Amino acid sequence: MIMSKSNLWFILAILLATFVSPQASADVHRLDPLAKPGTRLGPDYEVSIDIAINGIDEKDLCRIYLLDREGRVHIKLAENVTEPIPLLGKTAAEGRPIIAATMRKYFLSVPEVRVGITRIPRFRIFVWGSTWNGGEIILGDGAHLSDALLITSYLPEADLHRVKLQRKERDGRYTQRFVDFQKAVEGSLAPEVDPIMQEGDVVTIDTRPKATEAQTFAVEGEVKKPGFYPFKKGITVRQGLLEAFGLTPDADPDKVTIVRSKGAQFLSVDAVKAMRAVATDDLELMPDDVVVVATRDQAKKISILGQVASPLSVPLKPGLTLKQAISDAGGFRPDADRKSLLLMRNMLQDPTRSTPVQIDFDRIARGEMPDVPLQAGDVVQVLPRRKQQSPFIGIGMMILRHFLPIPF
């Protein structure tokens, strides 16, 4: 079959129409990477506006426009300029029908309008203190404190409850205020907890004061209430024994040992003299001291102390294991560190020769390691878990703001 020239040109025209869309110019303008669906237009923004009539772009109108100081766009139509179109505070999506309504006055058909933000005005601020990447950073107009901290991030010990914001006001005065940004991390969208940044702002994030753990001492062995007690400066052996409700009938008052972790000391005292406040035996205690009261029949006792429901010091039963002893003590308290039980072998017999063994109780409970048989003189200490701070807080809420049309 032989094609005529007219048929050939007709086919070529169809192919060109297929691969060269009349709307292609709408996509040639590169949008600003800082532009978000919720970004609201303001003075000196640049927007890409494409206008098509009956599917065909109006080439003279498809271009980038600069908004004036009042956030208005002026579109030149032939030799005339349209009335100013107000876009201040509008998103690109909200501005599209406003532009279309204005342009409808100049065309017989309803115009198709596409709007994109091609440039957002930039400004600089400074972020100092407890951050990963502090210093000068560049933000886009309308950026919030959360946008700045999304760039710099912050250290786990950052005090987000008191973020200092220093600003030069329009009248030349410098102001300073504190922002509780922790509320923004927790989901609040209130402007006072996530303020909009301005040129020259200085943000300072201090380090949160380290929480001091309460100091304690322990009384173990033959006392009526063994366990850990709050340490107070000036407390003595006598007061420590009274905290533990005194000695049991099986106690050997001649054999009381103070185990002092600082300096690895073992101090022997007489409980009878200590209770009479004799200075040679009623020694002043230090934080983390352990007062161990021996039993007359040392072969029969074991102690379970610390974060269990009912700390106890009881005669050793034949075949008693760690798992059964924890059960006898009422089980673990919620804050118990089950992975780091401390078994002190021989502690009740001779603290100077005791041997520490660390045990992961969860592995015993799962059957991954055998239960531990207890021996005469054993002391099991169940310590509290230490709280850990996560270095990544609230990033999800900051990212969420990028997709919410939040007004200035």
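Is Arg40 buried or exposed? Arg40 is buried, at a relative accessible area of 12%. The close-ups below start from that residue, and everything in them comes from a predicted model.

**View 1. Arg40 and Glu94 meet in a salt bridge.** Here the N-to-O distance between the two side chains is 3.1 Å. The pair links distant parts of the chain, 54 residues apart. Arg40 sits in the loop between helix 1 (5-19) and strand 1 (46-53), while Glu94 belongs to helix 2 (residues 92-103). Arg40 counts as buried because its 12% relative accessible area is under the 20% cut-off. Glu94, on the other hand, is partly exposed, with a relative accessible area of 35%.

**View 2. Glu83 pairs with Lys105 in a salt bridge.** The closest N and O atoms of this pair are 3.0 Å apart. Glu83 lies in the loop between strand 6 (80-81) and strand 7 (85-86), and Lys105 in the loop between helix 2 and strand 8 (112-119), so the bridge ties together parts that are 22 residues apart in sequence. As for accessibility, Lys105 is exposed, with a relative accessible area of 56%, whereas Glu83 is partly exposed at 37%.

**View 3. Arg124 and Glu136 form a salt bridge between two strands.** The side chains meet at 3.6 Å, N to O. Arg124 comes from strand 9 (residues 122-129) and Glu136 from strand 10 (residues 135-140), so parts 12 residues apart in sequence are tied together. Arg124 is partly exposed, with 38% relative accessibility, and Glu136 is partly exposed too, with 46%.

**View 4. Asp68, Glu70 and Arg72 make up a salt-bridge network.** This close-up shows three residues linked by salt bridges. For the wider picture, the count for the model comes to 22 salt bridges. Side chains of opposite charge can pair when their charged atoms come close.

**View 5. Five strands make an open sheet.** Follow the strands across and the order reads 20-19-23-21-22, with mixed pairing. The edges are strand 20 (312-315) and strand 22 (355-359), each of which pairs on one side only. From one strand to the next, the twist averages 15°. Strands of a sheet pair through backbone hydrogen bonds, either parallel or antiparallel.

**View 6. Strands 19 and 20 are joined by a hairpin.** Five residues make the connection between the two strands. Strand 19 (residues 301-306) runs antiparallel to strand 20, and four bridges hold the pairing. One spot to look for is Ile302, whose bridge partner in strand 20 is Val314.

**View 7. Strands 21 and 22 run antiparallel.** Strand 21 (residues 341-345) is joined to strand 22 by five bridges. Look for Leu341, which stands opposite Ile359 in strand 22. Strand 22 is one of the edge strands of the sheet.

**View 8. The second largest pocket has a lining of 17 residues.** About 490 Å³ of space lies inside this pocket. Asp141, Gly142, Arg170, Met197 and Gln198 are the lining residues that lie nearest its centre. By residue type, the lining of the pocket splits into eight charged, six nonpolar and three polar. Rolling a probe the size of a water molecule over the atoms shows where empty space is left.

Terms used: Residues are numbered from 1 along each chain as its sequence is written. This is a predicted model: local features need pLDDT of at least 70, side-chain atom pairs count only at pLDDT 80 or more; totals for chains, interfaces and linings use all residues. Side-chain values use heavy atoms; hydrogens and water are left out. On a 1 Å grid over the protein atoms alone, a cavity is a set of points where a 1.4 Å probe fits but cannot get out, and a pocket is an open set with protein on both sides within 12 Å along at least five of seven lines; lining residues have an atom within 4 Å of a point. Grid points are joined across faces, edges and corners, and a volume is the space filled by probe spheres set on the points. Ala, Val, Leu, Ile, Met, Phe, Trp, Tyr, Cys and Pro count as nonpolar, Asp, Glu, Lys and Arg as charged, and the others, Gly among them, as polar. Two strands pair if DSSP finds at least two bridges between them. Axes are lines fitted to C-alpha atoms, for helices over the stretch in contact, and angles run from 0 to 180 degrees between N-to-C directions. A salt bridge is a side-chain nitrogen of Lys or Arg within 4 Å of a carboxyl oxygen of Asp or Glu. Buried means under 20% relative accessible area, exposed over 50%, partly exposed in between (1.4 Å probe, protein chains only).
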